[in-house]
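This report goes through a protein structure part by part. Look at the display before reading on.

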Amino acid sequence: MALYDLALPQVYGYLVARCGDRVIAEDLTSETFLAVATNRQDQPLTVGWLMGIARHKLVDHWRAQARQERLLHAVEGSANNSDDPWDVELDRLRARDVLSRLRPQHRAALTLRYLDGLSVHEAATILSRSVDATEALLVRARREFRHVYEGSSDA
Amino acid sequence: MPDRRNDPFDALHDPVSPRTPDPAFAAALRERLLRAVAASSAKENVMRNEMTARPRNGIRHGDVSYITLGLPDLARGRDFYAAVLGWRYGQSRSDHGAQPDVIIPMIGLWDGEQQVGGRVHGAVLGFRVDDIASAVESVRSHGGTISDPHPEPYALAAEGHDDQGTPFYLHQMPPEDAAPEVGATFHNGEVEGDVSYLTMVVPDLDAARAFYGGVFGWTFNIGLAGGAQVSGVAPQIGMTTRPEAGPMVSGVILCYRVDDVAAAVQRVGDAGGRAGPVVQRPYGLESLCADDQGTPFYLHQF
């Protein structure tokens, strides 16, 4: 339980910063620790390993959200996979607000890739997609982000 | 691919900053975790007990759940007890430990550091408790010192010292699945190699009765010669201030059940130990021995 005391603020801090909702962050924190408690591995537990599980739980949460929203968005964006270069300095506060308004699968891809600083390959593993599919998802995510971001300055 | 160096999205990078959650949530999750660990160790426990239908970790609050027999040299200990008592050892996860199959209660030979007391030569007892959180509180309120409960693969555990400095462990384990038959409480073991009796050597008998009576609910029959018998615990336990084995301030002397004490005494000598004369007691034949590393123990033939 010493690890619990050490890891709890880390895991909770990560989740609450990424999902921005205390109740959901608490749920996901519980799921993270309970997954470890009921499924003990031989490898020693570390904070880093728990953070990896937390990241999976967050993506699972967004994936479930995406399934719900897919009923509303029958068509998922266009098939155009080109990515225009975008020269802009992002306002972080505005960017976080924009991120929260994106579709969950886009929010997940951008969060893993940019907020967590994972490589495309690492993000693909967590998202259970191929690297190519993850690249394509990132292109669409960046496009939606840019669209909402540019729209948000007028609001 | 966009050029990484000019990717405006890189500005989003946000290293994790720890945040302390609501204390009520943290406490509630801690409780859930402890329960979840206890439930999952229940599965392991069933697996580990499949060698025998006998409850090896005690049944009731205060029963002996595990004995750690600290020895200077593990390899010599393995060989000695295998030769004398017929112990056979399962796979051990540690180079410092060996655990004989089947015998009750569960016992481990150990030549490393103990979680309490450092390198102990002799036995340290673990006791089964129904609710480890309240047991830990009780230990503290009776003058002992003890760790907070923590999950181990086999149980929720805590380790500490009684108010006279004797180390011990507490284990909260899942209830035994099979309810023991009436009378099958294994107070004195059942087969050769089982632990038939434990003598706790204590500096102050009254203080020990107050501590163990308070924490485990033990009651005592006061015997002769500065001794007391614990009622209804498994295996049977006695306390004394003046052990027959010679002067020692505190510690635990183990007694083992054998089928033929004369033959067992012979094996003790052959294995490099010392064996005293076989004496007739009200409960059976008994010999006070020492292993080849000088650890005192008794043999009992009932």
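In this predicted model, Leu170(B) touches Phe127(B), Val129(B), Ile132(B), Ala135(B), Val136(B), Ala157(B) and Ala158(B), leaving aside residues up to four places away in sequence. Leu170(B) also belongs to the largest nonpolar core, which has 107 residues. Together with Leu15(A), Ala109(A), Leu198(B) and Leu254(B), Leu170(B) is among the residues that touch the most other members of this core. Helix α1 of chain A, residues 2-19, supplies the largest share of the core, 8 residues. In soluble globular proteins, nonpolar side chains tend to be buried together.

Next comes the contact between the chains. Chain A gives 30 residues to the contact and chain B gives 27 residues. On the side of chain A that touches chain B, two or more residues come from each of α1, α2 (22-37), α4 (92-101) and α5 (104-115). The most come from α1(A), with 9 residues. The table sorts the residues of this side by type.

| Type, side of chain A that touches chain B | Number |
|---|---|
| Nonpolar | 18 residues |
| Polar | 6 residues |
| Charged | 6 residues |

Chain B also holds an open sheet of 8 strands, in the order β10-β11-β12-β9-β13-β16-β15-β14, with mixed pairing. β10 (220-222) and β14 (274-281) of chain B each have a single partner strand and stand at the edges, so one side of each lacks a neighbour in the sheet. On average, neighbouring strands of this sheet are turned by 25° against each other, direction ignored.

Within the sheet, β15 (residues 284-290) and β16 (residues 296-301) of chain B pair in the antiparallel sense over 6 bridges. Ala290(B) has Pro296(B) in β16(B) as its bridge partner.

Technical notes
Residues are numbered from 1 along each chain as its sequence is written. Chains are lettered from A and ligands numbered from 1 in the order in which they are written. This is a predicted model: local features need pLDDT of at least 70, side-chain atom pairs count only at pLDDT 80 or more; totals for chains, interfaces and linings use all residues. A nonpolar core is a set of buried Ala, Val, Leu, Ile, Met, Phe, Trp, Tyr and Cys residues joined through C-beta atoms within 7 Å. A residue is buried if 20 or more other C-beta atoms lie within 10 Å of its own, exposed if 12 or fewer, and partly exposed in between; C-beta atoms are placed from the backbone. Helices (H or I, at least four residues) and strands (E, at least two) are DSSP runs, numbered from the N terminus. Two residues are in contact if their C-beta atoms, placed from the backbone, lie within 7 Å. Ala, Val, Leu, Ile, Met, Phe, Trp, Tyr, Cys and Pro count as nonpolar, Asp, Glu, Lys and Arg as charged, and the others, Gly among them, as polar. Two strands pair if DSSP finds at least two bridges between them. Axes are lines fitted to C-alpha atoms, for helices over the stretch in contact, and angles run from 0 to 180 degrees between N-to-C directions.
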